[in-house]
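Hi everyone, thanks for coming. Let me put the structure up on the screen, and then we'll walk through a few parts of it together.

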Amino acid sequence: MKHKILEGKKGIIFGALDEQSIAWKTAESVADAGGAFVLTNAPVALRMGTIKTLAKKTDSQVVAADATNIDDLNALIDQAQETLGGKLDFILHSIGMSVNVRKGKNYTDLNHDWMTKGWDISAVSFHKLMQCLYKKDAMNPWGSIVAFSYIASQRTFPNYNDMADNKAYLESIARSFGYFFGKEKKVRVNTISQSPTLTTAGKGVEGLDGFLKYAEKMSPLGNATAKECADYTVSLFSDYTRKVTLQNLFHDGGFSNVGVSQDIIDSL
Ligand SMILES: NC(=O)c1ccc[n+]([C@@H]2O[C@H](COP(=O)([O-])OP(=O)(O)OC[C@H]3O[C@@H](n4cnc5c(N)ncnc54)[C@H](O)[C@@H]3O)[C@@H](O)[C@H]2O)c1
């Protein structure tokens, strides 16, 4: 990225597991744009993943935090402010997990304990995170908070399973908390609804390959890649989007507004 549009800005990036992760690409793009950050993931993911490589590359510190645990979140926010030297300007919530998806449970046969766990990790963690930031007054005015969503929150994609409900909840939290964050702290809160993307979380969804091909044929601009999502996120962290808030922003090559494409008709 040629323009250092995040020069002087500081933040926290959740969810970089491996090189495919959208958060990984975002960390690289944010660093290229001049932003400084702390990387974080769940302790188990830090043991399994390769985040240290990313930390070295982007000259950033890694702090373990389970995003469902308030004590972990408070300690993370304190540590990030100490390391980066003051209040924060941007936060990326790039977290998703469904036990039912992982274990191949159909939507009509959900394990509701697993459903609750997936909801806590994928959606409620966003509220917990914002509540901790809000109470600590840890965000600078005109800061920006972004979480990643998927269109299954608003349209039916059967194999997306209980993650569809989690994403609907996540998008609602962005609007509800975004109101208070805007009014009281002048901070933006948005979700980005990204194209299907080949990542560890993405691969867990049954038939992702079909999703990807279908979306590619439907989208006039084609599917958005993880790197393109990263660059879009940088724009939302920058000062060029200061009055964008409470939005679910589609970053999907136009998929969400197409009824049917000629490519799909031709393939039938
Ligand atoms: N891949 C896709 O097709 C796609 C499309 C739209 C939106 N998204 C969303 O993008 C986000 C990032 O997913 P990804 O595709 O890069 O996959 P990913 O598997 O690389 O990232 C998911 C991350 O969530 C983290 N996580 C899980 N439980 C956690 C916990 N308790 N505390 C903290 N972190 C935890 C994982 O360790 C992992 O780093 C998710 O919200 C996902 O739903 C993905």
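By class, the shell around the ligand has 14 nonpolar, 12 polar and one charged residues. Here Ala, Val, Leu, Ile, Met, Phe, Trp, Tyr, Cys and Pro count as nonpolar, Asp, Glu, Lys and Arg as charged, and the others, Gly among them, as polar. Please keep in mind that this is a predicted model: local features need pLDDT of at least 70, side-chain atom pairs count only at pLDDT 80 or more, and totals for chains, interfaces and linings use all residues. Numbering runs from 1 along each chain as its sequence is written.

So which residues are the closest to the ligand? Of the 27 that surround the ligand, they are Ser21, Ala45, Gly96, Ala201 and Gly202, where being near takes a C-beta atom, placed from the backbone, within 6 Å. Two or more residues each come from helix H1 (22–32), strand E5 (139–149) and helix H8 (200–203). H8 gives the most, with three residues. Helices and strands are DSSP runs numbered from the N terminus (H or I, at least four residues; E, at least two).

Let's stay with H8 for a moment, since Lys203 sits in that helix. Lys203 counts as exposed because it has 12 C-beta neighbours inside 10 Å. The cut-offs are 20 or more other C-beta atoms within 10 Å for buried, 12 or fewer for exposed, and partly exposed in between, with C-beta atoms placed from the backbone. Leaving out residues up to four places away in sequence, Lys203 touches Leu198 and Leu208; contact means C-beta atoms, placed from the backbone, within 7 Å.

Now over to helix H4, residues 70–84. Where do its buried residues point? Leu73, Leu76, Ile77 and Ala80 are the buried ones. Down the axis of H4 they fall within an arc of 95 degrees, so they line one face; the arc is taken over directions from the helix axis to the C-beta atoms. As a reminder, an α-helix has 3.6 residues a turn, so residues three or four places apart point the same way. The buried residues of H4 pack against strands E1, E2, E3 and E4 and helix H6. On the face turned away, you'll find the exposed Asp71 and Glu82. After H4 comes Gly85, with a positive phi near 80 degrees.

How values were computed
Two residues are in contact if their C-beta atoms, placed from the backbone, lie within 7 Å.
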